[in-house]
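Student: I have a protein in front of me and no idea where to begin. Please walk me through some of its features.

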Amino acid sequence: MTTKIGIIGDGHVGCTVAHELIISGLVDDLVMIDVNEGKVKADAIDFEDAMANLTNHVNIIVNDYSALKDADIVISTLGKISLETKGDRFQELEYNKKQLEPITDSIKSSGFNGILIVISNPVDAITSLYQQLTGLPKEHVLGTGTLLDTARMKKVVAKKFNVDPRSVSGFALGEHGDSQFTAWSTVKVFEKPLTELVKMESWKPSDLEDEIKFGGQTVFMGKHYTNYGVSAAAVRIVRAVLTDSRTELPVSSFQDKYGTYMSYPAIVGREGIVHKIDLQLTAEEEELLQKSAEAIKEKSQA
């Protein structure tokens with residue numbers, strides 16, 4: 001059985017996702033779509049030039065929305081990161097909203113009925129718009145959300161304890177943006193709550209928050225875009241969907257309680273969001289989550 005994936009947007013993130021999918025062996029047919037026809041054709045040729053030296057063969061289709069009809073997954077990476085002059089992802093909202101209507105019309109016309117994964121910023125708002133405009137079930141439309149921020153948290157905490165980031169558990173929650181926060185009550189290292197471990201340390205969890213929250217800005221200031229971290233997050237979601245692994249991931253999904261898309265752990269599998277988790281958060285964390293939801297809704301309507 002062949003696997004087909006579409007990528008809409010061939011900028012820094014889109015081509016990085018494409019490259020990771022190709023070398024991972026997760027995709028057989030890859031549909032690459034971008035308004036910059038010269039760029040997307042050039043990348044397709046470049047990938048084809050690599051095929052003879054790769055383990056896996058991938059068939060590449062360029063700028064053909066009709067090819068999405070039988071795609072398992074479509075990934076949206078469209079955007080214009082240069083608009084984020086102040087590090088606020090909502091600065092991309094108006095630009096990206098204008099791109100969505102013709103794109104979602106084309107997705108619908110193709111007959112696509114798979115899983116839609118959104119990376120485009122502001123990811124919570126854009127994921128919501130994709131769901132509304134395509135009419136796909138809410139469970140089938142999800143965003144990378146704070147999966148990247150959670151990875152940044154794990155990296156920072158891991159360095160403090162000299163362990164692999166994959167040996168740290170826990171979540172960043174809420175908006176992938178200014179109102180996000182780490183739910184420290186969920187974080188564990190050595191299978192012990194971080195809140196207990198830090199009692200023997202000279203630092204507090206709150207001392208790490210700026211590095212976690214603004215890590216992306218450090219990358220952006222250095223090269224004027226980010227790509228590897230978020231691409232790895234997107235491909236991890238792709239793997240969970242394609243293999244039906246039913247993995248717990250903090251992705252942007254529709255939260256009925258708050259009436260908005262935002263990040264909260266859910267079980268991800270072949271049908272997208274297959275089960276929602278109920279965390280036992282502290283009262284302070286619950287309040288931060290409520291504020292984050294309100295911030296997303298307020299900025300989405302601005």
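**Reading the model step by step**

Tutor: Let's start with one small pair: valine 189 has lysine 192 as its bridge partner in strand 9. A word of caution: this is a predicted model, where local features need pLDDT of at least 70, side-chain atom pairs count only at pLDDT 80 or more, and totals for chains, interfaces and linings use all residues. Residues are numbered from 1 along each chain as its sequence is written, and side-chain values use heavy atoms, without hydrogens and water.

Student: Which way do strand 8 and strand 9 pair, and over how many bridges?

Tutor: Strands pair if DSSP finds at least two bridges between them. Here strand 8 (residues 181-189) meets strand 9 in the antiparallel sense, over 2 bridges. They belong to an open sheet of 3 strands, ordered 7-8-9 with antiparallel pairing. Strand 7 (168-173) and strand 9 (192-193) are at the edges with a single partner strand each, so each has one side left without a neighbour in the sheet.

Student: How many helices and strands are there in the protein?

Tutor: Both are DSSP runs numbered from the N terminus: helices are H or I with at least four residues, strands are E with at least two. This protein has 10 helices and 12 strands. Its radius of gyration (taken over C-alpha atoms) is 19 Å, close to the 19 Å of the globule rule for 302 residues, so the protein is as compact as a globular protein of that length. That rule is 2.2 Å times the number of residues to the power 0.38.

Student: Is strand 1 mostly covered or mostly open?

Tutor: First, "buried" means under 20% relative accessible area, exposed over 50%, and partly exposed in between, using a 1.4 Å probe and protein chains only. In strand 1 (residues 4-8), 5 of the 5 residues are buried. Lys4, Gly6 and Ile8 point one way, while Ile5 and Ile7 point the other way.

Student: Which strands does strand 1 run alongside?

Tutor: Strand 1 runs parallel to strand 2 (residues 29-33), with 5 bridges, and parallel to strand 4 (residues 73-76), with 4 bridges. Lysine 4 has aspartate 29 as its bridge partner in strand 2. The route from strand 1 to strand 2 goes through helix 1 (residues 12-24), a right-handed β-α-β crossover. Right-handed means that, with the strands pointing away from you, the path from the first strand over the helix to the second runs clockwise. On the strand 4 side, isoleucine 7 stands opposite isoleucine 75.

Student: Why does the length of helix 5 agree with what it should span?

Tutor: The expected span is 1.5 Å times one less than the number of residues. The 15 residues of helix 5 (residues 147-161) should therefore span 21 Å, and the end C-alpha atoms are indeed 21 Å apart. Of those 15 residues, 11 are buried, among them Leu148, Met153 and Phe161. Right after helix 5, asparagine 162 has a positive phi of about 55°.

Student: Which residues touch the most others in the largest nonpolar core?

Tutor: A nonpolar core is a set of buried Ala, Val, Leu, Ile, Met, Phe, Trp, Tyr and Cys residues joined through side-chain atoms within 4.5 Å. The largest has 38 residues, and Val17, Leu21, Leu30, Ile75, Ile237 and Val268 touch the most other members. Helix 9 (residues 228-243) gives the most to this core, 8 residues. Leucine 30 has contacts (heavy atoms within 4.5 Å) beyond its neighbours within four places in sequence, including Ile5, Ile7 and Val58.
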